[in-house]
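User: Please take a close look at one part of this model, the sheet and the residues set around it. Keep it brisk and give the cut-offs.

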Amino acid sequence: MTEPSLEESEIPLAPEQHDVDEDSSSSDDEEGPNWELLSETLGTSALAALKDHLSAPKKFHDAAVTSKISTKDEIPKQNVRESEDEEEATAESRDRPNRSNKLELPKNNTEYSKKEYWEERFATEEEYEWLVSYSDVADQLRPYLSSPQTRILVVGCGNSSFSADLYDDGFPRVINIDYSETVISTMRERHSIQRPSMEWLVMDMTDMSELEDDSFDVVIDKAAMDALMSNEKDVWNPLPA
């Protein structure tokens with residue numbers, strides 16, 4: 001004789017089972033199925049399956065509640081403090097100008113040749129050093145800077161500290177040009193008191209007609225030409241203007 005399945009059998013439950021309130025369902029003396037009567041109706045396997053089925057929801061509920069309480073009570077105060085510190089640092093970084101050499105690059109290199117790109121960038125960026133700093137090349141430059149009277153032109157100066165370091169090294173006759181009005185205004189204000197003889201001019205390096213011929217002994221271009229030629233396939237054979 002085969003054991004009847006749960007679907008084939010009627011499971012007699014105690015009358016009180018349908019009226020059990022949620023608040024009283026967790027008590028130790030609550031009334032449930034009449035296991036003695038069920039054991040006579042169901043086989044061993046079906047009875048065991050029924051017991052597992054009825055006990056599973058409560059086990060799951062107890063485990064979930066325990067996990068929630070444990071998680072709430074066991075969060076280390078140190079981790080909470082670290083999280084708050086990270087949020088404060090993020091807020092500060094949004095308000096602080098970019099002084100590092102880590103920044104988001106444009107999607108296309110040709111952006112470097114556009115004046116609009118630099119105006120937008122210089123509006124928020126405080127300082128960026130392209131390629132090398134003055135200290136990196138000072139020994140190579142000094143033989144060409146014969147005296148403090150050497151007239152020096154720095155093209156595409158940007159917001160680099162190169163010119164200021166050059167000035168502080170004993171070469172004060174420096175004129176800086178850039179076609180970004182934003183960066184020239186910023187740099188002029190930044191250096192006007194400590195380096196009064198250094199000049200800052202809004203000027204396109206491809207049109208320096210305002211400057212007299214033979215008015216400089218040394219011209220320094222650190223990365224401006226690279227930016228202007230970024231849309232050329234071959235910088236040594238540029239496209240016709």
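Analyst: The sheet comes first, then a tryptophan, then two loop residues.

This is a predicted model, in which local features need pLDDT of at least 70, side-chain atom pairs count only at pLDDT 80 or more, and totals for chains, interfaces and linings use all residues. Residues are numbered from 1 along each chain as its sequence is written, and side-chain values use heavy atoms, with hydrogens and water left out.

Start with the sheet. It is open, has four strands and runs in the order E3-E2-E1-E4. The pairing is parallel. Strands are DSSP runs (E, at least two residues), as are helices (H or I, at least four), and both are numbered from the N terminus. Two strands count as paired if DSSP finds at least two bridges between them. In general, strands of a sheet pair through backbone hydrogen bonds, either parallel or antiparallel.

The edges are strand E3 (199-202) and strand E4 (218-220). Each of these pairs on one side only. On average, neighbouring strands are turned by 20 degrees against each other, direction ignored. The axes behind that angle are lines fitted to C-alpha atoms, for helices over the stretch in contact; angles run from 0 to 180 degrees between N-to-C directions.

Now one pair in detail. Strand E2 (residues 174-178) is joined to E3 by four bridges, and the two run parallel. Asp178 has Val202 of E3 as its bridge partner.

Next, the tryptophan. Trp118 sits in helix H4. Its relative accessibility is 8%, so Trp118 counts as buried (under 20% relative accessible area; exposed is over 50%, partly exposed in between; 1.4 Å probe, protein chains only). Setting aside neighbours within four places in sequence, Trp118 is in contact with Tyr112, Trp130, Tyr179, Ser180 and Ala227. Contact means heavy atoms within 4.5 Å. Ser180 is 62 residues from Trp118 in sequence, yet the C-alpha to C-alpha separation is 6.7 Å. With Tyr112 there is also an approach to the backbone: the Trp118 side chain reaches the backbone oxygen of Tyr112 at 2.7 Å.

Last, the two loop residues. Leu131 lies between helix H4 (115-122) and helix H5 (134-141). Its phi is near 60 degrees, a positive value in a residue other than glycine. Leu131 has 65% relative accessibility and therefore counts as exposed. Asp214 is in the loop between E3 and E4. Asp214 is not a glycine either, and its phi is positive at about 55 degrees. With a relative accessible area of 73%, Asp214 is exposed.

Methods:
Polar contact = N/O pair within 3.5 Å; in protein donor to acceptor, adjacent residues only side chain to side chain.
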